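Me: Please take a close look at how charged side chains pair up in this chain. After that, carry on to a sheet and a patch on the surface, and explain each step plainly.

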Amino acid sequence: MQIDMWKYFYIKPNEIGILYHRSDFKKILQPGTYIYFGRHWQVKTYDLNQPEAKIENLELLLRNHGAELQEYLLVVRTGFNQAALVRCGQIWLSVLPNQLRVFWRGFIEVQAHFFNLETSLELPAEFVQQVRGIALSGIKKFPISEYELGLLYVQNNFVRSLSTGEYAFWSIDRDVSVRTISRLVPNPDFPLEEILIERHPDFVATYCETVQLQSQQVAIARYQGKVIAILPPTSRKLFWQDVEVEVIDISTDAKLPTSLIGELVSGSREVVALSHNYLHLCEVPPQHIGLLYINQEFQTQLPSGKHAWWVFGRSWQTEVFDLRQQTLEVSGQDILTKDKVPLRLNLTAGYRLLDPLKARNSLSDILNYLYKELQFALRGAVGERSLDALLEDKGTIDRSIFEYIRQKTADYGIEVDSVGVKDIILPGEIKTILSKVVEAEKAAQANVVRRREETAATRSMLNTAKVMEDNPVALRLKELEVLERIAEKIEKIQVNGSLDSILTELIRINRN
């Protein structure tokens, strides 16, 4: 009976025990075998491979038996503004504010490091290296690459810059963030740029080039000789310190010099795209002239070449005019002649601008004005003449129109060099009538010519007969000529009498 009153307890080598009697703490039991008399003994064992001790009524035990427990336990108690890092062998744990946690000593090396969250927001570098790759509650980690600069923000307020390296910060009850900026981009978008300029001049002076422009200034930013940004007036911008900034005063002269035109207008596609919205461009080809207007007022004439101006603060307008000989076609004009015959005419005029400024200031639409006046002149010249008169002398239309249009355009700096009617198109029925008239005229002329030729031929035959009548030799020669012609047509001819007798008779006739 009494044997049952003995309690046997065995503590394994990797365990530790706490001995209780009637729920009262008595002592810590190391690994081994223990025998106690009485049935009210109780032992709770803990696996030392789990270094954190999960002990019931821990607060009460520490208050009553703290000195004894300190030998076996590492007690980590944090205040409202404290946090701690605990290393248990190769394992790291974080202890947040207002917490009590204990860890067994001896079996695994245990260390605790306390941090005042009001003064130690950042973990020291030696801890950052040791907790790399370990997720810890209440801690945020940020790696900064060698081509980046980090900006530390707490509660969205900038604190300081972070150079290349690894960083860890306590983020308990506060928002901690790091915004990285690439050093490879010479004109990055700095977060809250205005705040950095106004409230953090030390950071700006250390890392940045600040551009602050007045109302009549523009700036060109270059990195390694290449344009990376164009800033309009009143701009404020941050660049890295190795960026070169050229500030240009446009208060008196907004025109770009030739060198800058070559860089911004004729440079690379990226640079042209940057300057596109900031420049007014005008390219004047050879044998052309340009007119420049600023705020609706004429300023100057522009020679051939590329011209560019900064657009800020002014309205710009340019027009380019061709000084070469030009041609204007007035086609498909349906006009009635004086004798009510409908015609369709096509007109061509050659002209040139002698004074583009006078033409531009006097006429809202130069080509439309010239076209209308040529129409009026053509209608007037055709409507005053009959169809027969027009067909007999087409040049009268050209001369009439030429005189009219020269007078109309002389006061506007336009010179008309030539005017000509290209085509006169008749209606189908009029063409048929004219064809019959021409056919009849030509038939009558043919009859006259035929009669005249017959009369001349008869007269010639009479004259020939008279000559032969008075001169037998001529008659004989005519006969020989006829014989010769006949001989050419046939292979064989028979003559009565010899040729000698014919020649003898001829000689005798000549002697008489």
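**Salt bridges, then a sheet and a patch**

Reply: In this predicted model, K237 and D189 form a salt bridge, with their closest N and O atoms 3.8 Å apart. The two residues sit in distant parts of the chain, 48 residues apart. K237 belongs to strand 20 (residues 236-240), while D189 is in the loop between strand 16 (176-182) and helix 3 (193-199). The two ends of this pair also have their own surroundings. K237 has a relative accessibility of 15%, so it counts as buried, because buried means under 20%. D189 has a relative accessibility of 71%, so it counts as exposed, because exposed means over 50%.

The next pair is R87 with E109. Their salt bridge has its closest N and O atoms 3.1 Å apart. It again links distant parts of the chain: R87 lies in strand 8 (residues 82-88), and E109 lies in the loop between strand 10 (100-104) and strand 11 (110-116), 22 residues apart. R87 counts as buried, because its relative accessibility is 13%. E109 counts as partly exposed, because its relative accessibility is 48%.

A further salt bridge joins the side chains of E415 and R352, at 3.6 Å from N to O. E415 is in strand 29 (residues 414-425) and R352 is in strand 28 (residues 342-353), so this pair ties together parts that are 63 residues apart in sequence. E415 is partly exposed, with a relative accessible area of 26%. R352 is partly exposed too, at 27%. Salt bridges can also share partners, and those that do so join E52, K54 and R101 into one network. The full count is 18 salt bridges.

Now to the sheet. It is an open sheet of three strands in the order 24-23-26, and the pairing is antiparallel. Strand 24 (297-302) and strand 26 (316-322) are the edge strands, each pairing on one side only. From one strand to the next, the twist averages 25 degrees.

Strand 23 (residues 288-294) is joined to strand 26 by seven bridges. Along this border, H288 stands opposite D322, and L292 has T318 as its bridge partner. On the border with strand 24 there are five bridges, and the two strands run antiparallel. There, G290 has L302 as its bridge partner. Strands 23 and 24 form a hairpin with two residues between them, and N295 in the turn has a positive phi of about 55 degrees.

How many residues of strand 23 are buried? Seven of its seven residues are. The cover lies over both faces: H288, G290, L292 and I294 are buried on one side, and I289, L291 and Y293 are buried on the other.

The surface patch has another setting. W6, Y8, I35 and F37 form a nonpolar patch on the surface, and together they have about 460 Å² of accessible area. Strand 1 (6-11) and strand 4 (32-37) are the elements that give two or more residues to this patch. W6 lies in strand 1. W6 is partly exposed, because its relative accessible area is 40%, which falls between the 20% cut-off for buried and the 50% cut-off for exposed.

Terms used
Residues numbered from 1 in each chain as written. Predicted model: local features only at pLDDT ≥ 70, side-chain atom pairs only at ≥ 80, totals over all residues. Heavy atoms only, no water. Patch = residues over 30% accessible without salt bridge, like charges linked within 9 Å, V, L, I, M, F, W, Y side chains within 5 Å. Areas by Shrake-Rupley, 256 points an atom, 1.4 Å probe, with all protein chains shown as cover. Salt bridge = Lys/Arg side-chain N within 4 Å of Asp/Glu carboxyl O. Helix = DSSP H or I, 4+ residues; strand = E, 2+ residues; numbered from the N terminus. Buried < 20%, exposed > 50% of the residue type's maximum accessible area, 1.4 Å probe, protein only. Pairing = 2+ DSSP bridges. Axes fitted to C-alpha atoms, helices over the stretch in contact; angles between N-to-C directions.
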